[in-house]
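Here is a short walk through the inside of a protein model. Keep the sequence and the 3D view side by side as you read.

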Amino acid sequence: MINISAMKEENLSDAVALWICQFNRHCYCNVFPNFIDGGQGTVKSYIKEQIDKGNAIIATKNNTIVGFIAWLYFDFHGERTAFLPVAGHAALLSDELNIYREMYCYASQKWVSDNRFNHLWMTYFDDDNLKNSLYDLGFGSYVIDACQLTSATGHVINQDYKIVFASAADAEALTEVANSSNEYYINSPIFLQRNKYTKDEIMQLIDKNYVLLAWDKDKIAGVLSFSINQSYNFERLTTVDSARIEGIGAYILPDYRGKGMGTALLDKAFAFCKEKGKAYMHVSYESANPNAIQFWPKYFKPAIRSVRRTINKDANTNR
């Protein structure tokens, strides 16, 4: 019989050990950085913080910890949300699905009772058993996080475009392109509302991050922006000195899609990171984005899948 109870600080070491086993099972490969050596403390700190907040539970069987979940509360696109990052859960492989179902049944009651009707859960991409179980519970795919070695360069690319890093002089033209990308994301089937960029925000992005532009004569035809991580991140399991595509992200204007421009921008980014000694690059993309779902898996290995469940808003009316 599986028993669920509040997690205590004395359970922390057992929970982290269980998580390490799960990480090694799903992310131990050459295209994903070794998060354990430097990032284990980040995971431990995250779980400890949720224990202190009362946002963590354990599953036990015969007095042995066989699973845990530790969640965050925040507002997501105006919805009160319970969020379970990939560093915030693990279960014993031999009885994984039963353990997760018991833990989610217990935790989701707490979430809904607190009017948290939006549930976000990050899982390992290749854990098909858990994915299918969560889908049966009403979760659907939302975002995918993927990783690749920056040494994966040398693709056959189109040389007709000039690809260079953006400068302050490009800010006005880049602001227009960035806002046109927002129009792409708000349309079907993505329906993702992104804030409008100001020129000052674009100037800061150029100053703090790396922004590659593909030029067709005097017109920006594509953009790819990325940063270099300065710390370990418990959500996406990124490590110090690994790169991450973010900010504007990657966007190719409609007239230039399907012509190798995205590959050319990515190849330039890989080459730059490799030269600077940054061995890995990460990217996140919406599974509802038809262009992204075709492009990124060609060059990156999916590692983490975020799934989302929206509970009927009348579920808590009679409580």
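The paragraphs below take up the nonpolar cores, then the cavity, then the aromatic pairs. Bear in mind that this is a predicted model.

Start with the largest nonpolar core. It holds 51 residues. Which of them touch the most other members? They are L174, F226, I245, L266, M281, W296 and F300. Helix α7, residues 261–275, gives this core its largest share, 8 residues. A second core is separate from this one and has 37 residues. Among its members are I20, F68, F76 and M122.

Now zoom in on I245. Leaving aside residues up to four places away in sequence, I245 touches L224, S225, F226, A250 and L266. I245 also touches M281, H282, V283, W296 and F300. Several of these names are familiar: F226, L266, M281, W296 and F300 are also listed with I245 among the core residues that touch the most other members.

Next, look for empty space. How many cavities of 30 Å³ or more does a search of the whole structure find? It finds 1. The space in the largest cavity is about 70 Å³. Its lining includes H26, C27, C29, V31 and F32. F125, D126 and C147 line it too, as do K301, P302 and A303. Two elements, α1 (12–27) and β14 (301–310), each supply at least two lining residues. The largest share, 3 residues, comes from β14. By type, the lining has 8 nonpolar residues, 1 polar and 2 charged.

Turn last to the aromatic rings. Across the whole structure there are 28 aromatic pairs. One of them joins F23 and F35. This pair is tilted, with 6.5 Å from centre to centre and 45° between the planes. F23 sits in helix α1 and F35 in helix α2 (residues 35–53), so the pair ties together parts that are 12 residues apart in sequence. F23 is buried, with a relative accessible area of 2%. F35 is buried as well, at 0%.

Another pair is W71 with W111. Here the arrangement is edge-to-face, at 5.6 Å centre to centre and 75° between the planes. W71 lies in the loop between β3 (64–70) and β4 (72–76), while W111 lies in helix α3 (residues 96–113). The pair links distant parts of the chain, 40 residues apart. Are W71 and W111 buried or exposed? Both are buried. Ring pairs also link W71 and W111 into a cluster with Y100, Y104, W121 and F139.

Notes. Residues are numbered from 1 along each chain as its sequence is written. This is a predicted model: local features need pLDDT of at least 70, side-chain atom pairs count only at pLDDT 80 or more; totals for chains, interfaces and linings use all residues. Side-chain values use heavy atoms; hydrogens and water are left out. A nonpolar core is a set of buried Ala, Val, Leu, Ile, Met, Phe, Trp, Tyr and Cys residues joined through side-chain atoms within 4.5 Å. Buried means under 20% relative accessible area, exposed over 50%, partly exposed in between (1.4 Å probe, protein chains only). Helices (H or I, at least four residues) and strands (E, at least two) are DSSP runs, numbered from the N terminus. Contact means heavy atoms within 4.5 Å. On a 1 Å grid over the protein atoms alone, a cavity is a set of points where a 1.4 Å probe fits but cannot get out, and a pocket is an open set with protein on both sides within 12 Å along at least five of seven lines; lining residues have an atom within 4 Å of a point. Grid points are joined across faces, edges and corners, and a volume is the space filled by probe spheres set on the points. Ala, Val, Leu, Ile, Met, Phe, Trp, Tyr, Cys and Pro count as nonpolar, Asp, Glu, Lys and Arg as charged, and the others, Gly among them, as polar. Rings of Phe, Tyr and Trp (its six-membered ring) pair if their centres lie within 6.5 Å; planes under 30 degrees apart count as stacked, over 60 as edge-to-face and the rest as tilted.
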